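Please read the report below with the sequence and the model side by side, and follow each part in turn. It begins with a pair of charged side chains and then moves to other parts of the chain.

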Amino acid sequence: MDYKGIIAKYKDVPGGIIEAFHAVQREFSYLPEEVIVEAAKIFNMPVAEAYGVATFYSYLSVEPRGKNVIRICESAPCHVAGAAEVVEALERELGIMMGETTADGKFTLEYTECVGQCQATPVITINGKPYAGVTPAQIPAILAEYE
Ligand code: FES
């Protein structure tokens, strides 16, 4: 389905533009500019307002991102438990730094706030799926699931 079809499905849903942005991002991993313009048209609002919605929520992105978005929790409990070492392992394995996307478009590395999995820290999420109690040694095997 193209993005117009996805957005249109949420036209009559209360707060539908957020749902629509979520649904588009699930397909395309970020919100291209034409999606925001189209959503403004469908939800009958100024483009600036639709853009404001797209940039307000940290889980929505208007920047191109990889197919798989890896987020590392940088809140205190994860930080104390060794998130920095996990970051180093991810950067080393993928050959990119935090905030970057691999040249093949497969992976993006981002920080996030606490994702509510603090019972086993540090935590990363990949496309929203949490991996708790992660160690640097586990990173290659975790990444291999997405190759
Ligand atoms: S502090 Fe990292 S998941 Fe809660």
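Glu147 forms a salt bridge with Lys106, and their closest N and O atoms are 3.1 Å apart; a salt bridge here is a side-chain nitrogen of Lys or Arg within 4 Å of a carboxyl oxygen of Asp or Glu. This pair links distant parts of the chain, since Glu147 is in the segment after helix H7 (139-144) and Lys106 is in the loop between helix H6 (83-94) and S2, 41 residues apart. Helices (H or I, at least four residues) and strands (E, at least two) are DSSP runs, numbered from the N terminus. Glu147 counts as exposed at 58% relative accessibility, while Lys106 counts as partly exposed at 29%; buried means under 20% relative accessible area, exposed over 50%, and partly exposed in between (1.4 Å probe, protein chains only).

The model is predicted, so local features need pLDDT of at least 70 and side-chain atom pairs count only at pLDDT 80 or more, whereas totals for chains, interfaces and linings use all residues. Residues are numbered from 1 along each chain as its sequence is written, and side-chain values use heavy atoms, with hydrogens and water left out.

The structure holds five salt bridges, among them the three in this table.

| Salt bridge | Closest N to O distance |
|---|---|
| Glu147 and Lys106 | 3.1 Å |
| Glu110 and Arg65 | 2.7 Å |
| Glu110 and Arg71 | 3.2 Å |

Glu110 forms a salt bridge with Arg65. Glu110 lies in strand S2 (residues 107-112) and Arg65 in the loop between helix H4 (47-56) and strand S1 (68-73), so the pair ties together parts that are 45 residues apart in sequence. Glu110 also meets Arg71 in a salt bridge, and this pair links strand S2 with strand S1 across 39 residues. Salt bridges that share partners thus join Arg65, Arg71 and Glu110 into one network. Both Glu110 and Arg65 are buried, and Arg71 counts as buried at 16% relative accessibility.

Helix H2 (residues 16-28) has 13 residues, which at 1.5 Å a residue should span 18 Å, and its end C-alpha atoms are indeed 18 Å apart; the expected span is 1.5 Å times one less than the number of residues. The buried residues of H2 are Gly16, Ile17, Ala20, Phe21, Ala23, Val24 and Gln25. What covers these buried residues includes helix H1 (3-8), helix H3 (33-42) and H4, where contact means heavy atoms within 4.5 Å.

Two residues that are not glycine have a positive phi. Ser29, in the loop between H2 and H3, has a phi of about 70 degrees and is buried, with a relative accessible area of 11%. Asn44, in the loop between H3 and H4, has a phi of about 55 degrees but counts as exposed at 70% relative accessibility.Another backbone feature is the peptide bond from Thr121 to Pro122, which is cis, with omega near -5 degrees; Pro122 has its place in the loop between S2 and strand S3 (124-126).
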